[in-house]
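This report describes selected local features of one model, beginning with helix packing and ending with backbone geometry. Please consult the sequence and the structure shown below while reading.

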Amino acid sequence: MTTAYSPRSWPGVIEAYKQFLPVTDATPRITLLEGATPLIPSVAIGPSLPGKIRLFFKHEGCNPTGSFKDRGMTMAVSKAVEEGARLTMCASTGNTSAAAAAYSTRAGIPAVVLIPDGYIALGKLAQALMCGARTIQIAGNFDDCLRIVREITDNYPIALVNSLNPYRMEGQKTAAFEVCDVLGAAPDFHALPVGNSGNITAYWWGYKEYHEKGITAGCPRMLGFQAAGAAPMVLGHPVPQPETVATAIRIGNPARWRDAARAVEESGGLIDMVTDEEILAAYKELGDREGIFVEPASAAGVAGVKKLAARGFFGDDEVTVVCTLTGHGLKDPDTAISLAVEPEKAPADTQAVVKMLGLAD
Ligand code: F0G
């Protein structure tokens, strides 16, 4: 059997997009072959929305550590190694710490991760621990963790690998390149959850770069969605005690606030908020209508698109809308189990199962 496709040809985002990245042949490639994630057409949610919306999901949960953070982390850690770093450090709501742990381990340098005690999903904690990061639970929220990490990395020779690190943004912009490469054009709208505000900024930079280089004819309008209990950009002021079921975006004072605001303004987009109920409804719908299992924060973009579509925001013409699904559902098994129906029980007996299924009386 031969096929036109090679399962082994993808080299990871640095090598694939090196002409757009601040790397040279001498830059080490610390990679888990991240990127090339699927752009999946919606079969249920998109068609059921009012208007003519071609909806796609950019499933970033398919990256090696299960979130979009791998794109930025391959760049941040590769550049840290090139620059001689001996230690990496980050604050995280979980996914950044999982990626920092994995990529630092591959580079052979230790990682220190600061996480809010009690507010990170179980899968993410397991990843940081299994990949050998020194994991410190701080009695505070993400904003406290980031403050401490900034103060330490300002004063000690440690590579900061949060999205304040410009190389993280460079890596993350490759997701926008992939969307355009697959669609053959930029979408009309790009929706995604917003926490520390790095990803929406990185996508915008990627779309702008492809456009400025003449690869695409236009750019999408960027649609960012925060959780209602953690929506500083919508409210216009920091939120001291952010609260949401979507722990990945439980952030009250985003580090990239200004950049994200500029991205939204330049693109003619918006930042809005969605309630935990709307997030969880989209989370369940992605699972039971699309067959795509994401973590709760990842559903915020979809919840936002549903909300905007319901009020006619997308108009009557056909539009292409891409939602980034930022992280895999296996990251947060607790939330999934708490919302799912209980499994049924049966004896170890074929006839009993046949009867349960209504296949025989
Ligand atoms: N979705 C998921 C699953 C995330 O983990 C994050 C951020 C976001 C969305 C928001 O992206 O911060 O660039 O606006 N997680 C960070 C972390 C904060 O530490 O893992 P953002």
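Helix α4 (residues 95–107) packs against helix α5 (residues 122–130) at an angle of about 20 degrees, and their axes are 8 Å apart. Axes are lines fitted to C-alpha atoms, for helices over the stretch in contact, and angles run from 0 to 180 degrees between N-to-C directions. Helices (H or I, at least four residues) and strands (E, at least two) are DSSP runs, numbered from the N terminus. The angle makes α4 roughly parallel to α5; angles under 35 degrees count as roughly parallel, over 145 as roughly antiparallel, 65 to 115 as roughly perpendicular and the rest as oblique. The crossing of α4 past α5 is left-handed, a term for a near helix turned anticlockwise from the far one by less than a right angle, whereas clockwise gives right-handed. Asn95, Ser97, Ala98 and Ala101 of α4 make the contact with Lys124, Gln127 and Ala128 of α5, where contact means heavy atoms within 4.5 Å.

The model is predicted: local features need pLDDT of at least 70, side-chain atom pairs count only at pLDDT 80 or more, and totals for chains, interfaces and linings use all residues. Residues are numbered from 1 along each chain as its sequence is written, and side-chain values use heavy atoms, with hydrogens and water left out.

**Surroundings of α5**

Within α5, the residues Gly123, Lys124, Leu125 and Ala128 are buried. Buried means under 20% relative accessible area, exposed over 50%, and partly exposed in between (1.4 Å probe, protein chains only). The cover over the buried residues of α5 includes α4, β4 (111–116), β5 (134–138) and α14 (333–339). After α5 comes Gly132, which has a positive phi near 80 degrees.

**Helices α12 and α13**

How are helix α12 (residues 276–290) and α13 placed relative to each other? They pack at an angle of about 105 degrees, with their axes 8 Å apart, so α12 is roughly perpendicular to α13. On the α12 side the contact involves Glu278, Ile279, Ala282, Glu285 and Leu286, and on the α13 side Ala300, Val302, Ala303, Lys306 and Lys307.

Val305 belongs to helix α13 (residues 300–310) and is buried, with a relative accessible area of 1%. Apart from neighbours within four places in sequence, Val305 is in contact with Leu49, Leu55, Ala191, Phe225, Phe314, Val321 and Cys323. By C-alpha atoms, Val305 is separated by 41 Å from Ala85, which is 220 residues away along the chain.

**Aromatic groups**

Rings of Phe, Tyr and Trp (its six-membered ring) pair if their centres lie within 6.5 Å; planes under 30 degrees apart count as stacked, over 60 as edge-to-face and the rest as tilted. By this rule there are 10 aromatic pairs. The pair of Trp10 and Tyr17 is edge-to-face, because the ring centres are 6.4 Å apart and the planes stand at 65 degrees. Tyr17 also pairs with Phe20, again with centres 6.4 Å apart, but the planes are at 50 degrees and the pair is therefore tilted. Trp10, Tyr17 and Phe20 form one aromatic cluster together with Phe177 and Tyr210. Of these residues, Trp10 is partly exposed at 28% relative accessible area, whereas Tyr17 is buried at 7% and Phe20 is buried at 11%.

Elsewhere, Arg250 lies over the face of Tyr119, at 3.5 Å from the ring centre. A charge sits over a ring if NZ of Lys or CZ of Arg is within 6 Å of the ring centre and within 35 degrees of the ring normal.

**Loop residues**

Most residues other than glycine have a negative phi. The table lists two non-glycine residues with a positive value.

| Residue | Phi | Loop | Relative accessibility |
|---|---|---|---|
| Ala36 | near 50 degrees | between α1 (13–16) and β1 (39–41) | 43%, partly exposed |
| Ser197 | about 75 degrees | between β7 (189–193) and α9 (198–212) | 2%, buried |

A further loop residue is His328, located between β10 (318–325) and α14. His328 is partly exposed, with a relative accessible area of 22%. Not counting residues up to four places away in sequence, His328 touches His59, Gly61, Gly66, Phe293, Val294 and Glu295. From C-alpha to C-alpha, His328 and Glu295 are 5.4 Å apart in space, with their positions 33 residues apart in sequence.
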